Amino acid sequence: MADHVHKYKTPMLDELEKGPWPSFVKEIKRAAAKRPMAEGLLGQLERSYKDKQTYWKHGGLVGIQGYGAGIIGRYSALGTEFPEVAAFHTVRINQPAGWFYTSKALRTLCDIWDKHGSGLLNVHGSTGDFVLLGTTSEKLEDCFTDYSNAGWDLGGSSSDMRTPSCCNGMARCEFACFDTMALCHDLTMTYQDELHRPAFPYKFKIKIAGCPNDCVASIARSDLSIMGTWKDEIRIDQAECQAYIKAGMDIVAEITGMCPTACMTWDGKTMKINNHECNRCMHCINFMPKALRHGKETGATILVGGKAPILEGAQLASVVVPFMPMKAPFSEIKEFIQKLWDVWGENGNNRERIGEFMLRVGVGNFMESIGEAPNPNMVMHPRENPYIFYEEYFEEE
Amino acid sequence: MSTLRRSVRGHLESGDYAPVLSLVVADRGVVRALVSLLCDPDELLRWRAVSALGQLAGAHPDLAQPLVARLYWSLNDESGGIGWMSAPALGEIGRFAPQLLSKCVRPLVRYLDEPFLLAGSLWAIGRLAPAYPAETREVVPEVALCCASADPAVRASAAFALGAVGDGRARIALTGLADDQSPARLYEEGQLVTKQVREWAGEALSRLRAA
C-alpha cells in the first residue's frame, strides 16, 4: 500500500495526515490503493480545500424501484477533471438498534460495498444509518440486491420517517429507564412504509434516549424525542453515600451544591432529596451511581419539534407528554405518533418540520389538535404583555 | 402497514377508485396513503395510485392542492428522495383539476434529461395535453427528441405524449419509429399494456392533426 503512487497531488490533504490523531486522509489513501473512486475523491477534495468550496452537486435523482428513499444522488461538478467521482451516490443502510454488529455482519457489509462501491464508509451518519459513500447509478440495483439478500435494508431519507435510532440503553447502561433498543426495533418494523416511501411534508426523525442524559442528543436532533425518565423517587443507598465520602468525595461541594434546583441536602450522615423539585439533570446520579439510582416507576418523556437549522433556526424539542409508560407493544407511543402524523401530515406546509409547524400554529393550537392537555410545566415564565387576552376572558363576558 | 393504507391498497388492487374517494371524506390520511403508494413495489399499484390522485383532485381539489408543491419538490429533492411517480401524479392532477397547476408543462420538460424521471415526465405531458393544449404544443420539439432515446419505454412514452398533443410537427419523429419492434410497457386505462414501440407510434400518428 505504501508504495502506491497516487494519481493526484494532494499537498494540503497531506498536512492532515500529520500529528498523532487518526486521519481520514490516511484512510482514503488506503482505499485509493484499491479503488479509483477513492483516488478521485482525494483529487477533488484537494481542489475543494484549495478553492475553499465544495464541488459536490445535486445533479439528479437516483433510487431503487419500490423505494422512494434511501439513496442520495451525488455528482461532481468537476466530473471531467475527476471522472472517478463523476457520480458518487450515497447509500444508507438501516443500522441495528443500538449499533450492535457482529464482526461477521461488518465484514458482510464491507465486502458488498467493496464489490459495488468506493469502499468508503461513514459509520455512522447523524441519522444513525450505516452510510456507504460513493457508487454509480448503474451499480445501485445490484448493490441493493446483494444487501437485501444478506438481510439488510435501506434506511430513510427525504420526506419520510428517517431511520429511528437509539442509545444502547439497557444493553450497556444502568441509567436506562426502558428498553430503548426494543422500542427502536419495534418502531422501525412497524413503520416500514413510512420509512421507505416518503409521504410527509418533510423529514421526521425519531431518536430514543434511555435516560435524561440523552446521549443520542435526541432533544436537539429529532422531531420526536423519546427520553427515559421516572415518576417516583430517586433511590438512595445511604451506605454507599458513606463509601463515596470515604473515597474522598465532598458531597456538598460536588453533588448537593451543584444541584440546579437545590432539591438535595447532605448533613454529613444522610442524603435527602425533594423529588418534586428534581428536574432530571442527572448530575447526582451520574457522579454517585452506586448510591443513587433512578426511580422504579419508569417510562419516557415525549418531546416534539427538535431540529437543526435549515429553513428556520435550530430548535430544541418541547415537552408534550411529561410521562408515558414505555413497554411492549408500545401502543401508547404508536397512538401518539399517529396523531402527530395525522395533524402535521395534513396541515404542514411543504418542507416544514413539525417543530416549525408548531411555531406557526402556536403550541396551544398544536396541543389541542393532537388532543393533549397543556401542562403548566411547558410555560417558561408568566406572560409579559398585558394586552394578550385569553379566550376564557371573552367567554366570561 | 397501517389499516388505512392496507384498505386503500386493496381498492387499488381491484381498480376501484370510488371507495377511495368516499374514504377520503372521513379520513384525510387517505391522501398520505396514496402518496406513499406512489412508491409501492408493485408497478401497477403505483400507476393506479396516480389515477386515484387524479380522481381525488377532480373530486376534492382542496385536498390535492397541498400536494402539488410537495410533488414538484420531490422531482428535485436533494435529500435522497426520488419522485419516481411524481411527474405522472402531477400530470393526472392537472388533467382532472387544471386550476391547481399553472404553467406546469414547461417545468416538466426540465426532467427530460433525468433518466429516472424521463418516461414518467413524458407520460405526464401526454395526460396534461387536453387541459393545457397551448402549453403542451410549445414543448413538442423537446418531446420529439425523446423518440431517439435508447430506452424503448422512453420512445413509447414520447410517442404517447406526441399523440396526445396532436401537433403535426411530431409526424417526422413518429414516422421514424415505424419499424421499431422493441416491446414497451405503458399504463393505459388502469392497466399496464405492452406493445411494440411502432404500435404506440402508429396510434399516436393517427391522432395527429394535419400539420
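## Exercises on a predicted two-chain model

In strand 6 of chain A, L133(A) is the bridge partner of L120(A). The structure is a predicted model, and the exercises below start from this pair.

**Exercise 1. Place the pair L120(A) and L133(A) in its sheet, and state which strands stand at the edges.**

Step 1. Strand 5 of chain A pairs with strand 6 (residues 130-133) of chain A over four bridges, in the antiparallel sense. The bridge between L120(A) and L133(A) belongs to this setting.

Step 2. The sheet is open and has four strands of chain A, ordered 2-4-6-5, with antiparallel pairing.

Step 3. Strand 2 (71-72) and strand 5 (120-123) of chain A each have a single partner strand, so they stand at the edges and one side of each is left without a neighbour in the sheet.

**Exercise 2. Describe helix 3 of chain A: its length, its buried residues and what they pack against.**

Step 1. The helix covers residues 36-51, which is 16 residues. From first C-alpha to last it reaches 23 Å, close to the 22 Å expected at 1.5 Å a residue.

Step 2. The buried residues in helix 3 of chain A are M37(A), A38(A), E39(A), G40(A), L41(A), L42(A), G43(A), Q44(A) and L45(A).

Step 3. These buried residues pack against helix 1 (11-15), helix 2 (24-32), strand 3 (75-76) and strand 5 of chain A. Strand 5 is one of the edge strands from Exercise 1.

Step 4. After the helix comes K52(A), with a positive phi near 55°.

**Exercise 3. Work through the five-strand sheet of chain A from one edge to the other.**

Step 1. The strand order is 7-8-9-14-15; the sheet is open and its pairing is mixed. Strand 7 and strand 15 (318-324) are the edge strands, and each pairs on one side only.

Step 2. Strand 7 (residues 165-166) and strand 8 of chain A are parallel and share two bridges. Here S165(A) has K207(A) of strand 8 as its bridge partner.

Step 3. Strand 8 and strand 9 (residues 224-230) of chain A are also paired in the parallel sense, over four bridges. I208(A) stands opposite I226(A) in strand 9.

Step 4. Strand 14 (residues 298-304) and strand 15 of chain A run antiparallel and are joined by four bridges. V304(A) has S318(A) in strand 15 as its bridge partner.

Step 5. Return to strand 8 (residues 206-209): I206(A) and I208(A) point one way, K207(A) and A209(A) the other, and all are buried.

**Exercise 4. Which residues have the most contacts inside the largest nonpolar core, and which helix gives the largest share of that core?**

Step 1. The largest nonpolar core has 166 residues, and L34(B), A159(B) and L162(B) have the most contacts inside it.

Step 2. Helix 11 (residues 152-165) of chain B contributes nine residues, the largest share.

Step 3. Take L162(B). With neighbours within four places in sequence left aside, L162(B) is in contact with V140(B), V143(B), A144(B), A170(B), A173(B), L174(B) and A204(B).

Step 4. A general point applies: in soluble globular proteins, nonpolar side chains tend to be buried together.

**Exercise 5. Is S206(B) buried or exposed?**

Step 1. Locate the residue: S206(B) lies in helix 13 (residues 197-207) of chain B.

Step 2. Count the surroundings. S206(B) has 9 other C-beta atoms within 10 Å, and a residue is exposed at 12 or fewer. Therefore S206(B) is exposed.

Step 3. For a distance check, the C-alpha atoms of S206(B) and G166(B) are separated by 9.0 Å, although the two residues are 40 residues apart along the chain.

**Exercise 6. Describe the side of chain B that touches chain A.**

Step 1. The contact takes 24 residues from chain B and 25 residues from chain A.

Step 2. On the chain B side, the elements that give two or more residues are helix 3 (29-37) and helix 5 (61-74).

Step 3. By type, the chain B residues here are 10 nonpolar, six polar and eight charged.

**Exercise 7. What confidence scores accompany the model and chain B?**

Step 1. The model scores are ipTM 0.88 and pTM 0.91.

Step 2. Chain B has a mean pLDDT of 93, with 98% of its residues at 70 or more.

Step 3. Among the elements of chain B, helix 7 (residues 105-109) has the lowest mean pLDDT (86), and strand 2 (residues 191-196) has the highest (98).

Note on methods
Residues numbered from 1 in each chain as written. Chains lettered and ligands numbered in written order. Predicted model: local features only at pLDDT ≥ 70, side-chain atom pairs only at ≥ 80, totals over all residues. Buried ≥ 20, exposed ≤ 12 C-beta atoms within 10 Å, placed from the backbone. Contact = placed C-beta atoms within 7 Å. Nonpolar A, V, L, I, M, F, W, Y, C, P; charged D, E, K, R; others polar. Core = buried A, V, L, I, M, F, W, Y, C linked by C-beta atoms within 7 Å. Pairing = 2+ DSSP bridges. Expected span 1.5 Å × (residues − 1). pLDDT = per-residue confidence, 0-100.
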